[in-house]
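Visitor: I'd like to go through this one by asking why things get the labels they get. Can you show it to me first?

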Amino acid sequence: MAVTVNASTSSGLVWSSDLTGALQLQTNGTTVASTATNGNFAFNSGYGSAATAYGCRAWVNFDATPTIAASGNVSSVTRNGTGDFTVNFTNAMPDANYSAQYNTRPSSGAIVDICNISSVAGPTTSACRVFGGQSSNGAGRDPVVCFFAAFR
Amino acid sequence: MSQVIIYPNDEGWLSVISPAFNCGLSVEEIARKDVPAGKPYHIIDSSLLPTENTFFNAWEADFSNPDGHGIGHEAWFRGQ
């Protein structure tokens, strides 16, 4: 069990607890969110049951200049060259095994059919280098908007 | 206009760093952290950058009297 807060439609607020250190939020006795003693947070929100959530630990929306429109856990974006950027994290990742996603919106008529994590430098705990360009010749291309997110 | 950080990269041209001003760090702190260790940098107004990016790889700047030198990510996070 756990420290349980149950919002019942018949009894109102129902509290119960033990000494496990876990926490559960319930609606009519069904767990909708919880925290486990290992720190994992779970929630339902349409998933079907309360399942462990894996968070987006860094994200940014920027253009090629590279001006940042909005971001989270990103200290800056470095423009290394045409279509070549590095996203720098404010707080470091626990390791480099996060899943980084990168995509762009190209300018009208421009072909940007490569959007990947750079082969020049692999993801590190503190930054991730990304590249966008044209597959026919490998040349970098500057997109209109760049979208980056890292999950862990 | 906003401030940006420029430094000479290993490829032989300039890198431009745009700070995220919601990250809680000052532009000076971001420069020390995100400029690679030992690289000189300038903090300039972004309006001073060329507006045309086509010849980005030909941009040059004088770093004989820099605003500072980067310490890099590793040293920055080690010091946190």
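Guide: Sure, and keep in mind that the model is predicted. Let's begin with the second largest pocket, which holds about 340 Å³ of space. Of its 23 lining residues, those closest to the centre are A:Thr65, A:Thr67, B:Val4, B:Ser46 and B:Leu49.

Visitor: Which elements each supply at least two residues of that lining?

Guide: Strand E8 (68-72) of chain A does, together with strand E1 (3-8) and strand E2 (14-19) of chain B. E8(A) gives the most, with four residues.

Visitor: How do the residues of the lining of the second largest pocket divide?

Guide: Into 12 nonpolar, 11 polar and no charged. As for the labels, Val and Leu count as nonpolar, so B:Val4 and B:Leu49, both close to the centre, go in the nonpolar class.

Visitor: And what about the largest pocket, what is its volume?

Guide: About 550 Å³. There are 28 lining residues, and A:Thr86, A:Arg129, B:Tyr7, B:Pro36 and B:His73 lie nearest the centre. Two or more residues each come from strand E9 (74-81), strand E10 (84-89) and strand E13 (127-133) of chain A, and from helix H1 (27-34) and helix H2 (72-78) of chain B. H2(B) has the largest share, four residues.

Visitor: How do the residues of that lining of the largest pocket divide?

Guide: Here the split is nine nonpolar, 12 polar and seven charged. Arg counts as charged, so A:Arg129, one of the residues nearest the centre, belongs to the charged class.

Visitor: On to the rings. How many aromatic pairs does a search of the whole structure find?

Guide: Four, over all chains. One of them is A:Phe62 with A:Phe85, at 5.2 Å centre to centre and 70° between the planes.

Visitor: Why is the pair of A:Phe62 and A:Phe85 called edge-to-face?

Guide: Two checks. Centres have to lie within 6.5 Å for a pair, and planes over 60 degrees apart count as edge-to-face. With 5.2 Å and 70°, both conditions are met, so the label follows. The pair also links distant parts of the chain: A:Phe62 sits in strand E7 and A:Phe85 in strand E10 of chain A, 23 residues apart.

Visitor: What makes A:Phe62 and A:Phe85 count as buried?

Guide: Buried means under 20% relative accessible area. A:Phe62 comes in at 1% and A:Phe85 at 0%, so both qualify.

Visitor: And why is the pair of A:Phe89 and A:Tyr98 edge-to-face?

Guide: Their centres are 5.7 Å apart and the planes stand at 80°, so edge-to-face it is. A:Phe89, at 0% relative accessibility, counts as buried, and A:Tyr98 does too, at 7%. Ring pairs also bring in A:Phe148, making a cluster of A:Phe89, A:Tyr98 and A:Phe148.

Visitor: Which side chains of strand E11 of chain A point to one face and are buried?

Guide: A:Ala100, A:Tyr102 and A:Thr104, in residues 99-105. A:Ser99, A:Gln101, A:Asn103 and A:Arg105 point to the other face and are not buried. That fits the general rule, because side chains in a regular strand alternate between the two faces of the sheet.

Visitor: How do you know that E11(A) pairs with strand E14 of chain A?

Guide: At least two bridges are needed for strands to pair. Seven join E11(A) to E14 (residues 145-151), so they pair, and they run antiparallel. A:Gln101, for instance, stands opposite A:Ala149 in E14(A).

Technical notes
Residues are numbered from 1 along each chain as its sequence is written. Chains are lettered from A and ligands numbered from 1 in the order in which they are written. Side-chain values use heavy atoms; hydrogens and water are left out. On a 1 Å grid over the protein atoms alone, a cavity is a set of points where a 1.4 Å probe fits but cannot get out, and a pocket is an open set with protein on both sides within 12 Å along at least five of seven lines; lining residues have an atom within 4 Å of a point. Grid points are joined across faces, edges and corners, and a volume is the space filled by probe spheres set on the points. Rings of Phe, Tyr and Trp (its six-membered ring) pair if their centres lie within 6.5 Å; planes under 30 degrees apart count as stacked, over 60 as edge-to-face and the rest as tilted. Buried means under 20% relative accessible area, exposed over 50%, partly exposed in between (1.4 Å probe, protein chains only).
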